Amino acid sequence: MAKTLSGLALLAVPLLGAATEVHGLDFHRSFLRFELDPARTGSNNVSRRRLMSSLTIEDVQSKVTSRYYLGVACRAEDVYGSKNRGQLFLSPGYEFYAVFASDSILFGRKQTPYRPQNSSMSLSSGLKSLDISLRSGKFSVLSNAAEIQQASHAGIPLQARVSYQMQGRTISLEFPIDIMNTVAGTNKFQGTAGPVLVPSKSWQAKAGLDHLRRAHIVFKSLDEFELVEEAVTSVGIFLGKTEVMDYREINQYKGQVVLLSER
């Protein structure tokens, strides 16, 4: 069943040992949809994007909460072939992704050489309509390596909720697991997913994409994890030197990893 924004309580991270059955976001059936305002943009295109991850940031003292949703990325396209170029993909191209934030959308571009062209649209600046469909599903909490291995070997879809503290804020992530490695007869497991959306260490609510990062996450226990975050780096030498955006900044965190299996 589709959930409106009032369904955001689904993002609360349960404590280990809580009820076996919990509700979580069904990312494969949750979507961001926006319609451009033709009077402002010259287009009446309607775009729907599947969600990849969610991010909740709560200030510990003020209790002010900010929520974001990362949509799937795509390569730059000539939508509907309107430029009569004979091809739909642009070349040179770039990666294009969208982040939903309250009543607006933040757009990011990943280009080589790196040229930041982040932008935003809201209902007062370019959008005719904007909505997000959050659909929930039932999940079971996996509390140990044996349960994780059993669910993984059975081919059951897995999901994770991760929470940690950073500079007086509680950060909560939710996302589907892309890869789960296990070794039968041992307590070994290692899960990987990405990209997910995370705040930079200089995060400010009004800073938009400048203070948000995409990252890949990896963990082999339920109390710590690593993020490799996007960062600008220089490649080449002398006249051939350029800047690219790449996943290269590795940070380790203590926190809580809650693994869920679809019921």
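**Entry 1. The chain as a whole**

Accessible areas in these notes come from the Shrake-Rupley method with a 1.4 Å probe. With that method, I looked up the surface of the protein chain and found that it exposes about 13,800 Å². Carbon and sulfur atoms supply 50% of this exposed area. I note at the outset that the model is predicted.

I then looked up the secondary structure, which comes to two helices and 18 strands. Of the 263 residues in the protein chain, 45% are buried. I also looked up the contacts in the chain with a separation of 6 or more, and 59% of them are accounted for by residues 24 or more positions apart.

**Entry 2. Helix H2**

I turned to helix H2, residues 145-153. Which residues of H2 are buried? I found Ala 145, Ile 148, Gln 149 and Ala 151 to be buried. These four lie on the same side of H2, because they cover an arc of only 165° around the axis. On the face turned away from that buried side, I found the exposed residues Ala 146, Gln 150 and His 153.

I next asked what the buried residues of H2 pack against. Their partners are five strands: E10 (127-142), E11 (158-166), E13 (179-182), E14 (189-199) and E18 (256-262).

I checked both ends of the helix. At the start of H2, Asn 144 places a side-chain oxygen within 3.1 Å of the backbone nitrogen of Ala 146. After H2 comes Gly 155, with a positive phi near 75°.

**Entry 3. Strands E13, E14 and E15**

Two of the strands that receive H2 are E13 and E14, and I followed their pairing. E13 and E14 are antiparallel and share four bridges. Within this pairing, Asn 181 stands opposite Gln 190 of E14. The two strands form a hairpin with six residues between them, and Gly 185 there has a positive phi near 80°.

I then looked at E14 together with strand E15, residues 212-219. This pair is also antiparallel, over seven bridges. One of the matches is Leu 197 with Arg 214, the latter in E15. Is E14 mostly covered or mostly open? I found it mostly covered, with nine of its 11 residues buried.

**Entry 4. Strands E4, E11 and E12**

E11 is another of the strands against which H2 packs, and I used it as the way to strand E12. E11 and E12 pair in the antiparallel sense, with eight bridges. Gln 165 has Thr 170 of E12 as its bridge partner. The strands form a hairpin with two residues between them, and in the turn Gln 167 has a positive phi of about 50°.

E12 is also joined to strand E4 (residues 46-59) by six bridges, and these two strands run antiparallel. Here I noted Asp 59, whose bridge partner in E12 is Arg 169.

Why is E12 described as largely enclosed by the rest of the structure? Seven of the eight residues of E12 (residues 169-176) are buried, so the strand is counted as largely enclosed.

**Entry 5. Aromatic rings**

A pair of aromatic rings is described by the distance of the centres and the angle of the planes. I searched the whole structure for such pairs and obtained four. One of them joins Tyr 164 and Tyr 253: the ring centres are 4.7 Å apart and the planes stand at 45°, so the pair is tilted. This pair links distant parts of the chain, with Tyr 164 in strand E11 and Tyr 253 in strand E17 (residues 242-254), 89 residues apart.

I checked how far these rings are covered. Tyr 164 has a relative accessible area of 2% and is buried. Tyr 253, at 11%, is buried as well.

Tyr 253 has a further partner in Phe 225; with centres 5.5 Å apart and planes at 20°, that pair is stacked. Planes under 30 degrees apart count as stacked, which is the cut-off I applied here. Phe 225 lies in strand E16 (residues 224-235) and Tyr 253 in strand E17, so that this pair too links distant parts of the chain, 28 residues apart. Phe 225 is buried, with a relative accessible area of 3%.

I close the entry with the cluster: ring pairs link Tyr 164, Phe 225 and Tyr 253.

Terms used
Residues are numbered from 1 along each chain as its sequence is written. This is a predicted model: local features need pLDDT of at least 70, side-chain atom pairs count only at pLDDT 80 or more; totals for chains, interfaces and linings use all residues. Side-chain values use heavy atoms; hydrogens and water are left out. Buried means under 20% relative accessible area, exposed over 50%, partly exposed in between (1.4 Å probe, protein chains only). The arc is that of the directions from the helix axis to the C-beta atoms. Contact means heavy atoms within 4.5 Å. A polar contact is a pair of N or O atoms within 3.5 Å; within protein, one must be able to donate a hydrogen and the other to accept it, and residues adjacent in sequence count only if both atoms are side-chain atoms. Two strands pair if DSSP finds at least two bridges between them. Rings of Phe, Tyr and Trp (its six-membered ring) pair if their centres lie within 6.5 Å; planes under 30 degrees apart count as stacked, over 60 as edge-to-face and the rest as tilted.
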